[in-house]
Amino acid sequence: MADTADTRTPAQIEADIARRRAVLAETLDEIGVRVHPKTIVGDAKARVVSNVDHTLGRAYVGVNRAVSEVKAQFVDETGSPRLERVVPVGLLVVGVVGLLALGSRRRRR
């Protein structure tokens, strides 16, 4: 059987115990901070804000991409309008607005 005799002096043992108590006290303090209700609520709020920021960022990128794709349909590479596409859409918009105006006028009578 191996010799497991402790060769430390009583002062060394006391110093080791004091060190371990200090480490244990620090660990307990950290656990206390982590499980404190304010800490838990603050962490939850931070996660929600992060998720909302991430979702809004993705939405912004998606909308920006869609706007760029629509713009590319009506503007050429040099930034000039594509009249062959702008004019029909403009006429369509004018027609829809005219129909809405007629419908509104008929409901008033």
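In the predicted model, R20 and D16 both belong to helix α1, where 4 residues, about one turn of the helix, separate them. Their side chains meet in a salt bridge, with a nitrogen-to-oxygen distance of 3.4 Å. R20 has a relative accessible area of 59% and is therefore exposed, the threshold for that class being over 50%. D16, by contrast, has a relative accessible area of 14%, which falls under the 20% limit, so that this residue counts as buried. Salt bridges that share partners join R20 and D16 with D6, R8 and R19 into one network.

A further pairing within this network involves R19, which forms a salt bridge with D16 whose closest N and O atoms are 3.3 Å apart. R19 and D16 likewise both lie in helix α1, which spans residues 10–35, and they are 3 residues apart, again about one turn of the helix. R19 is exposed, because its relative accessible area amounts to 51%. D16 is thus a partner of R19 and also of R20, and this aspartate is buried, whereas R19 is exposed and R20 is exposed as well.

R8 forms a salt bridge with D6, and the closest N and O atoms of this pair are 2.8 Å apart. With a relative accessibility of 36%, R8 counts as partly exposed, because this value falls between the limits of 20% and 50%. D6 is also assigned to the partly exposed class, its relative accessibility being 46%. In general terms, side chains of opposite charge can pair when their charged atoms come close. With a cut-off of 4 Å between the side-chain nitrogen and the carboxyl oxygen, the count for the model comes to 5 salt bridges, among them the pairs R8 with D6, R19 with D16 and R20 with D16.

The packing of helix α1 against helix α2, the latter comprising residues 37–74, was examined next. Two packed helices are described by the angle between their axes and the distance between the axes. For α1 and α2 the angle is about 60° and the axes are 5 Å apart. This angle makes α1 oblique to α2, because it lies outside the range of 65 to 115 degrees that counts as roughly perpendicular and is not under 35 degrees, as roughly parallel would require. On the α1 side the contact is made by V33, R34 and V35, and on the α2 side by P37, T39 and I40. By residue class, the contact of α1 with α2 divides into 4 nonpolar residues, 1 polar residue and 1 charged residue.

One of the contact residues, V35, lies in helix α1 and is exposed, with a relative accessible area of 54%. The C-alpha atom of V35 is 54 Å from that of A72, although the two residues are 37 apart in sequence. L28 is also located in helix α1 and is exposed, its relative accessible area being 51%. Between L28 and Q12, which are 16 residues apart along the chain, the C-alpha atoms are separated by 24 Å.

Elsewhere in the chain, an unreviewed UniProt entry places the feature "transmembrane region" at residues 86–103. In the model, the span of residues 86–103 is 100% helix and 0% strand, and its end C-alpha atoms lie 26 Å apart.

How values were computed:
Residues are numbered from 1 along each chain as its sequence is written. This is a predicted model: local features need pLDDT of at least 70, side-chain atom pairs count only at pLDDT 80 or more; totals for chains, interfaces and linings use all residues. Side-chain values use heavy atoms; hydrogens and water are left out. Buried means under 20% relative accessible area, exposed over 50%, partly exposed in between (1.4 Å probe, protein chains only). Helices (H or I, at least four residues) and strands (E, at least two) are DSSP runs, numbered from the N terminus. UniProt positions are given in the numbering used here, feature names are shortened, and annotations may be inferred rather than shown by experiment. Axes are lines fitted to C-alpha atoms, for helices over the stretch in contact, and angles run from 0 to 180 degrees between N-to-C directions. Angles under 35 degrees count as roughly parallel, over 145 as roughly antiparallel, 65 to 115 as roughly perpendicular and the rest as oblique. Contact means heavy atoms within 4.5 Å. Ala, Val, Leu, Ile, Met, Phe, Trp, Tyr, Cys and Pro count as nonpolar, Asp, Glu, Lys and Arg as charged, and the others, Gly among them, as polar.
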